[in-house]
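I opened this model to look up a handful of local features and to see how they sit in the overall fold. My entries follow in the order in which I looked things up.

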Amino acid sequence: MEYIGSVYRPPSEAYSLIIQATLGCAHNDCTFCSMFKDKSFRVRKEDEIFRDLEESRHMFHNVGRVFLADGDALALKNDALLRILEKTKTLFPACERVGIYGSPQDVLRKSPAELAALRDNGLGIIYIGAESGSDRVLAEIKKGAERAQIIEAVQKIEAASVPASVTFISGLSGQDGWEEHAAFSGTMISEMEASYVGLLTLMVEPQAPLYKDIQEGRFRVLTPLQVVEETLLLLENVNVSRKCVFRSNHASNYVSLRGTLPQDKERMLGQLRGALQNADQLKDERFRML
Ligand code: SF4
């Protein structure tokens, strides 16, 4: 089995078998993202996907989790996805969960019955990038979706009893309007009621369009302490009524947070206030990575 181009997966899929069902990202336009600039979006042929699954079966006998890549595999038509899930179940009967990345549009295109069919056939988590709760920021980064659409998509996933794991990015507004980015992201987390929320911190690679803006001074990156202030404001604005696992423990983050909301909110706020008082608690820039 040979992977085509760079392959990305969420941190929690580190030990999963990764199968490329699609290549690239159908949107591929977000200004901060360099993940799939090396390939155009396309759906892989079913026999190629099945061959990868069969070859993997010969290599790995105990597969507990499968992740369907690349960036936008939920864009596949439901019947194609159902055939992949069925094949996965046949080859890996011990597989407990299949995960997938989906855009808000992918989710909104599916009916509740289609999402339920995916769940019944093994789909156990959908990862979705919200990035920001501010429509201004979403427009600036060319996310291709508005706040209300992202909230609707996440609520639709959860209503189908599939856990949604939603990502936001600290520092995405730079030094201009970070307060709005933080507060609106916090209220969005409160509204959408996802099972999991992950917070990364902006790191921009040269292939991303935003890189040029940074180099030419049009986008001013937050300092590490500003990132902590922004995260504090975001978390202060989170008021969920159902359990949400909140993680900000990615390699890009300056302060590692992990807790279950709402009960761990005060502890995590205390951790952030502590980091603001003592900058030694921040991760050294040299150890940050995407
Ligand atoms: S952030 Fe996600 S949706 Fe945006 S271009 Fe990158 S992979 Fe595609």
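Entry 1, the turn into helix 10. I looked up Pro262 and found this residue in the loop between strand 10 and helix 10. The model is a predicted one, and in it a cis peptide bond joins Leu261 and Pro262, with omega at about 5°. I then followed the chain into helix 10, which lies across strand 9 and strand 10 and runs at about 155° to strand 10.

Entry 2, the other cis bond I looked up. The peptide bond from Ala69 to Asp70 is cis as well, with omega near 0°. I placed Asp70 in the loop between strand 4 (65-69) and helix 2.

Entry 3, the sheet. I traced 8 strands in an open sheet, ordered 1-4-5-6-7-8-9-10, and noted that the pairing is mixed. Strand 1 (17-20) and strand 10 are the edge strands, each pairing on one side only. On average, and with direction ignored, neighbouring strands of this sheet are turned by 20° against each other. As a reminder to myself, the strands of a sheet pair through backbone hydrogen bonds, either parallel or antiparallel.

Entry 4, strand 9 and its two partners. In which sense do strand 8 and strand 9 run, parallel or antiparallel? They run parallel, and 3 bridges join them; I noted Tyr196 opposite Val245 in strand 9. Strand 9 and strand 10, by contrast, pair in the antiparallel sense over 5 bridges, and here Val245 stands opposite Thr260 in strand 10. Val245 therefore serves as a reference point on both sides, facing Tyr196 and Thr260. I also checked the burial of this strand: 4 of the 5 residues of strand 9 are buried, so the strand is largely enclosed by the rest of the structure.

Entry 5, strand 5 and what follows. Strand 5 and strand 6 (residues 123-131) pair in the parallel sense over 4 bridges, and I found Gly99 opposite Ile125 in strand 6. Going on along the chain, I came to Ser103, in the loop between strand 5 (97-101) and helix 3 (104-109). Is Ser103 buried or exposed? Ser103 counts as buried because its relative accessibility is 17%, which is under the 20% limit. Leaving aside neighbours within four places in sequence, I noted contacts of Ser103 with Asp72 and Ile128.

Entry 6, helix 2. I placed Asp79 in helix 2 (residues 78-91), where a relative accessibility of 45% makes Asp79 partly exposed. From Asp79 to Ile100 I noted 21 residues in sequence and, from C-alpha to C-alpha, 15 Å in space.

Entry 7, helix 9. I asked what the 13 residues of helix 9 (residues 224-236) should span at 1.5 Å a residue. The expected span is 18 Å, and the end C-alpha atoms are 19 Å apart, which agrees. The buried residues in helix 9 are Gln226, Val227, Val228, Glu230, Thr231, Leu232, Leu234 and Leu235. I then looked up what these buried residues pack against, and found strand 7 (164-170), helix 7 (178-192), strand 8 (196-201), strand 9 (244-248), strand 10 (257-261) and helix 10 (265-277).

Entry 8, positive phi. I looked up two residues other than glycine that have a positive phi. The phi of Glu193 is near 60°; Glu193 is found in the loop between helix 7 and strand 8 and is buried, with a relative accessible area of 17%. The phi of Asn28 is near 50°; Asn28 has its place in the loop between strand 2 (22-23) and strand 3 (42-43) and is partly exposed, with a relative accessible area of 24%.

Entry 9, the ligand. Which residues surround the ligand? I listed Cys25, Asn28, Asp29, Cys30, Phe32, Cys33, Met35, Phe36 and Lys143, so that Asn28, noted above for its positive phi, appears again in this shell. By class, the shell around the ligand has 6 nonpolar, 1 polar and 2 charged residues.

Conventions: Residues are numbered from 1 along each chain as its sequence is written. This is a predicted model: local features need pLDDT of at least 70, side-chain atom pairs count only at pLDDT 80 or more; totals for chains, interfaces and linings use all residues. Side-chain values use heavy atoms; hydrogens and water are left out. Buried means under 20% relative accessible area, exposed over 50%, partly exposed in between (1.4 Å probe, protein chains only). Contact means heavy atoms within 4.5 Å. The expected span of a helix is 1.5 Å times one less than its number of residues. A residue is near a molecule or strand if one of its heavy atoms lies within 4 Å of it. Ala, Val, Leu, Ile, Met, Phe, Trp, Tyr, Cys and Pro count as nonpolar, Asp, Glu, Lys and Arg as charged, and the others, Gly among them, as polar. Two strands pair if DSSP finds at least two bridges between them. Axes are lines fitted to C-alpha atoms, for helices over the stretch in contact, and angles run from 0 to 180 degrees between N-to-C directions.
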